[in-house]
Amino acid sequence: MTLTKIWGLKALSNPYDQACIDWAEQLLINGNSSDNVLILASLGLEKHPSRNDVEHYFERALQDLGETEPEYFDAIKRYALELCHMALEDSLSQDDAVNLLAEIYSCTHYDYGIFSIWTDLVDEIYLLENEGEYYSHPELTKANKSIYVEKQLRHFIVLLNSKLPHDFVHLSICEECNKLVKASWQRKTRVSAFRKILQVFKILEPQYCTECLVCGSTHIVRLQTVEAREKALKMLQK
């Protein structure tokens, strides 16, 4: 048990009492027998330890060690990084890592869009494994699932350690502008004057497409793959 996990659970409003007790027990095993650590670890002997007691002795043990609680997003970021590294080191299964990372998105009230990568992947894996008729991601197969997830984990570590705009994953690459842009499904703006007239008189129905909101191009690449996100990162670094 690590403080990183405890801070992550606390930031996500998940139960962390038992994690604190496990952490204290690990400290005892490692030779730290301070009074507060000892009392905190001993609470594990109780059938239903008081949450107030756990928090009280956890805070006192932290003071003894000179540890301070990180800020909200920093706690979540460190927790996510730990999950990624654990999965890459095989101390956590890939399935558990993917599910825990996806859970972060909902626990943060969908404020951190970068974690939507994992909710999307959960959906992809579900459709793949259940042979869903709407599965449309040929880059992920049952044969390469482990390699595919590992690639996502390694890239996510890069993303978490990069300075990204808040809406990064919701941006797109406009191949005409050659930059990151916002894109939207809307009435096509690049139409001939003749077609516009026909639409005004309702002879033709308007066409809809995903367009770059800067130039109107339909040559849009969404940041749904590692390759697209890597290209987007390079654009941000210019």
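Tutor: Helices here are DSSP runs (H or I, at least four residues), numbered from the N terminus. This is a predicted model, where local features need pLDDT of at least 70, side-chain atom pairs count only at pLDDT 80 or more, and totals for chains, interfaces and linings use all residues. Residues are numbered from 1 along each chain as its sequence is written, and side-chain values use heavy atoms, leaving out hydrogens and water.

Student: Which helix gives the most to the lining of the largest pocket?

Tutor: The largest pocket (an open set of 1 Å grid points where a 1.4 Å probe fits, with protein on both sides within 12 Å along at least five of seven lines) holds about 380 Å³ of space. Its 18 lining residues (an atom within 4 Å of a point) include Asp120, Glu124 and Arg229, which are among the closest to its centre. Helices H7 (116-129) and H8 (145-160) each give two or more residues to this lining. With 6 residues, the most comes from H7.

Student: How many nonpolar residues are in the lining of the second largest pocket?

Tutor: That pocket has a volume of about 210 Å³. Phe73, Ile114, Leu164, Pro165 and His166 lie nearest its centre, and H5 (72-88) and H8 each supply at least two lining residues. Beside 3 polar and 1 charged, the nonpolar residues number 9.

Student: How is H5 oriented to H6?

Tutor: Helices H5 and H6 (residues 94-107) pack with their axes 10 Å apart, at an angle of about 165°. Angles over 145 degrees count as roughly antiparallel, so H5 is, relative to H6, roughly antiparallel.

How values were computed
Grid points are joined across faces, edges and corners, and a volume is the space filled by probe spheres set on the points. Ala, Val, Leu, Ile, Met, Phe, Trp, Tyr, Cys and Pro count as nonpolar, Asp, Glu, Lys and Arg as charged, and the others, Gly among them, as polar. Axes are lines fitted to C-alpha atoms, for helices over the stretch in contact, and angles run from 0 to 180 degrees between N-to-C directions. Angles under 35 degrees count as roughly parallel, over 145 as roughly antiparallel, 65 to 115 as roughly perpendicular and the rest as oblique.
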